[in-house]
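My notebook is open and I'm going through this one feature by feature. Here is the model I was looking at.

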Amino acid sequence: MNFEHYSPTKIIFGTGKLKKLAEFLPSHLKRVLIVTGKRSSKENGSLSSLQTSLRKLNRLYFLFDGVEQNPSTQTVDKGTYVARKEKVDAVIGLGGGSPMDVAKCIALLTNNAGKIEDYIGGKEPQNTPVPIIEIPTTAGTGSEVTQYAVLTNPKSYTKAGYSNSYLFPSIAILDPELTISMPYKVTVNTGIDALTHAIEGYLSTQATPISDTLALESIKIIKEYLPKVAVNGKDIMARTHMLYGSMVAGLVIAQTKTIILHALGYPLTTFYNIPHGRANGALLPYVLEFLKDVQDKKISKIIEMFGGKDLDIIKSFVNELGISIHLSDYGITQDGIPGFVKDVKGRVNLKVTPKKVLQEDISNLYKQAL
Ligand code: NAP
Ligand code: FE
């Protein structure tokens, strides 16, 4: 046995935890930037709840609420302008993966000169970021416990993950109540994202005994509770399990990265605007089929956990959540495939995929999925 495991984030989990912020927020943090999306945190009350807690604690807060879905590097730079101007000493990300990822990058740039593109391009940060506190309101990305931020480059029109151990949040506050307001589609898209994290982590060449244990725990939970939250979004018990399961899947990919499935999903989001998790869900059965010869034991284990005999069980699971596994249903045709292949080849996810991936494999996978 030979592995490393690094999970530095303090995890605070439980219903009502946001209201108890006073118990967790270090007293030396006085000027806080809240990073959030444009609407949902205002509509579901999570933003005002956070602001009330900060006011009660006599902390100054500033708001950057300009984060869009699949956020761009420019959005990070805009938020950084506020953080630097106000000399903040902590950044709180409140929302789904999009604002949580932007919050990480702003925290890094608060203490380091330049733009986020410099660091994505290979520049090493000289200083640790200001503390990052993440409060997820979706149950999907696990970003609250990972060292990744996924950003869209508006010039090259690609989505790329930036990975740096400085981006691990200091504190993750997981309050299942905040996820209740997710509408059906967001619930399902984000839930499938979490499932693919657990499955890809389980199959990654970087998997460890600890990450495998966590991956199986996460798959088991999501398999059971994602159909439940899909049917009844108000089921707090099921929401609680989903938030837990997605966080555990985040702990997995922090060790293992994601593999070919996430690489294949990114261009579907940038070119066709298919939500991140939905794109992964649509391609999941084909990727499992592709990897079956090299990971037969692990894939059979997944099939068994879903209660099936072959990969049809995964197809039905995804279908029953209303996610089509046919790319033509999303308006994609054969003509789009060369552009996707160009986007996918060379991605770091392929390096941790347990099989050599040829350019024609990428193309064939998309063709099968049409
Ligand atoms: P998201 O882009 O953060 O949010 C999707 C939508 O859901 C937005 O319209 C958002 O509204 C809304 N929303 C969020 N929480 C809600 C709630 N409680 N109630 C109602 N609506 C809510 O989606 P996401 O799937 O969580 O994050 C996806 C991003 O994370 C992608 O860019 C993906 O690549 C990245 N990602 C990162 C990691 C990582 O480890 N860092 C891992 C996987 C994926 P508002 O915009 O108005 O808030
Ligand atoms: Fe993901």
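**Entry 1, salt bridges.** I started with K220 and E217, whose side chains meet in a salt bridge at 3.9 Å, N to O. Both residues sit in helix α7, three residues apart, or about one turn of the helix. I checked how open the two are: K220 is partly exposed, with a relative accessible area of 49%, and E217 is partly exposed too, at 27%. Note to self: this is a predicted model, so every value here is computed from its atoms.

How many salt bridges does the count come to? I get 13 salt bridges. Side chains of opposite charge can pair when their charged atoms come close.

Next I pulled up E177 and K19, a salt bridge with the closest N and O atoms 4.0 Å apart. This pair links distant parts of the chain: E177 is in the loop between β8 and α6 (184–203), K19 is in the loop between β1 and β2 (31–37), and 158 residues separate them. K19 is exposed, with a relative accessible area of 60%, whereas E177 is partly exposed at 39%.

Then I looked at K155 and E117, where the closest N and O atoms of the salt bridge are 3.3 Å apart. Here too distant parts of the chain are linked, with K155 in the loop between β6 and β7 and E117 in helix α5 (residues 116–120), 38 residues apart. K155 counts as exposed at 70% relative accessibility; E117 is partly exposed at 29%.

I also noted a network of salt bridges that links R31, K85 and E86.

**Entry 2, the iron ion.** Which residues coordinate the iron ion (ligand 2)? I found D193 through OD, plus H197, H262 and H276, each through NE2, at 2.1 to 2.2 Å. Along the chain the donors follow the spacing D-x3-H-x64-H-x13-H. H262 lies in helix α9 (residues 260–272) and H276 in helix α10 (residues 276–291), so this pair ties together parts that are 14 residues apart in sequence.

I looked at the geometry as well. The angles among the four donor atoms run from 83 to 168°, and the site is irregular. My reasoning: four donors count as tetrahedral if all angles lie between 85 and 135 degrees, and the range of 83 to 168° goes outside that.

Are the two later histidines buried or exposed? H262 counts as buried at 2% relative accessibility, and H276 counts as buried at 17%.

**Entry 3, strands.** I went to strand β8 (residues 171–174) and found both faces covered. I171 and I173 on one side, A172 and L174 on the other, are all buried. In a regular strand the side chains alternate between the two faces of the sheet.

What does β8 pair with? Strand β1 (residues 10–13) pairs with β8 in the parallel sense over four bridges, and K10 has I171 as its bridge partner in β8. Strand β5 (residues 132–136) is joined to β8 by two bridges and runs parallel to it; here the partner of E134 is A172.

I then moved to strand β6 (residues 148–153), which is mostly covered, with five of its six residues buried. β6 pairs with strand β7 (residues 158–163) in the antiparallel sense over six bridges, and L151 stands opposite A160 in β7. The two strands form a hairpin with four residues between them.

**Entry 4, positive phi.** Most residues other than glycine have a negative phi, and most peptide bonds are trans. I therefore listed some residues that go the other way. Y157, in the turn of the β6 and β7 hairpin, has a positive phi of about 60°. K257, in the loop between α8 (236–256) and α9, has phi near 65°; K257 counts as partly exposed at 30% relative accessibility. N273 has a positive phi of about 60° although it is not a glycine. N273 lies in the loop between α9 and α10 and is exposed, with a relative accessible area of 62%.

**Entry 5, surface.** Last, I looked up a nonpolar surface patch of about 350 Å², made by M1, F3 and I210. I210 is in helix α7 (residues 209–231) and counts as partly exposed at 33% relative accessibility.

Note on methods
Residues are numbered from 1 along each chain as its sequence is written. Chains are lettered from A and ligands numbered from 1 in the order in which they are written. This is a predicted model: local features need pLDDT of at least 70, side-chain atom pairs count only at pLDDT 80 or more; totals for chains, interfaces and linings use all residues. Side-chain values use heavy atoms; hydrogens and water are left out. Donors are N, O and S atoms within 2.8 Å of the metal (3.2 Å for Na, K and Ca); water is not among the atoms, so sites may look incomplete. Four donors count as tetrahedral if all angles lie between 85 and 135 degrees; four count as square planar and six as octahedral if opposite donors are over 155 degrees apart and all others between 65 and 115; anything else is irregular. Buried means under 20% relative accessible area, exposed over 50%, partly exposed in between (1.4 Å probe, protein chains only). Two strands pair if DSSP finds at least two bridges between them. Patches are made of residues with over 30% relative accessible area and no salt bridge: like charges are joined within 9 Å, nonpolar side chains (Val, Leu, Ile, Met, Phe, Trp, Tyr) within 5 Å. Accessible areas come from the Shrake-Rupley method with a 1.4 Å probe; for residues, only the protein chains shown count as cover.
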